[in-house]
Amino acid sequence: MGPIDYLIIEFPGNRMTGEGFPLLLDLVERGIIRIIDLVFVRKDADGSVGVMELREIGDELDLTVFEGASSGLLDQSDLDDAGAALDAGNSAAILVYENVWAAPMARALRRGGAQLVASGRVSVDALVASLDATEPAAP
């Protein structure tokens, strides 16, 4: 398997436009990622976090393609942790996915005797700050 990542994407005011879903499907269809879990949650005004059924999300979005995208990996504590990152009155998609593209590369590297000794992710904020710091000052 390739590395497994997750994203929690917050939708302020429970407003989901669906603009990102075709891009997500494209990644799946091209074999770049595999969706392991996709769960939609909402955080109520009292702070409670609940799972949203796809039919609750709205008629304007056709999300039936995502039905059954559940491995059972996420449990209530994961949903509560995700909910802690949300503002009350908002909803979120929790996406757990495999980076399928990485598995063939990892196999090839292992056959050559290589091994992964570290990994990580640079935040977008840190990247932007670093790039801003290297730009010459305006005259």
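In this predicted model, Arg34 and Glu98 join their side chains in a salt bridge, with 2.9 Å from N to O. The two residues come from distant parts of the chain: Arg34 belongs to strand 2 (residues 33-43) and Glu98 to strand 4 (residues 91-99), 64 residues apart. Arg34 is partly exposed, at 40% relative accessible area. Glu98 has a relative accessibility of 7%, so this residue counts as buried, the cut-off being under 20%.

The whole structure holds four salt bridges, among them the three in this table.

| Salt bridge | N to O distance |
|---|---|
| Arg34 and Glu98 | 2.9 Å |
| Arg30 and Asp26 | 2.9 Å |
| Asp5 and Arg121 | 3.1 Å |

Asp5 sits in strand 1 (residues 4-11), while Arg121 is in the loop between helix 3 and helix 4 (124-134), so their salt bridge ties together parts 116 residues apart in sequence. Asp5 is buried at 18% relative accessibility, whereas Arg121 is exposed at 63%. In the pair of Arg30 and Asp26, Arg30 is exposed, with 53% relative accessible area, and Asp26 is partly exposed, with 30%.

The protein as a whole has four helices and four strands. Their order from the N terminus is β-α-β-β-α-β-α-α. Of the contacts with a separation of 6 or more, 80% are between residues 24 or more positions apart. Of the 139 residues, 29% are buried.

The surface comes to about 9,500 Å², and carbon and sulfur atoms supply 55% of that area. One nonpolar patch on the surface consists of Trp101, Met105 and Leu109, which together have about 330 Å² of accessible area. Met105 lies in helix 3 (residues 102-111) and is partly exposed, at 47% relative accessible area.

Terms used. Residues numbered from 1 in each chain as written. Predicted model: local features only at pLDDT ≥ 70, side-chain atom pairs only at ≥ 80, totals over all residues. Heavy atoms only, no water. Patch = residues over 30% accessible without salt bridge, like charges linked within 9 Å, V, L, I, M, F, W, Y side chains within 5 Å. Areas by Shrake-Rupley, 256 points an atom, 1.4 Å probe, with all protein chains shown as cover. Buried < 20%, exposed > 50% of the residue type's maximum accessible area, 1.4 Å probe, protein only. Contact = heavy atoms within 4.5 Å.
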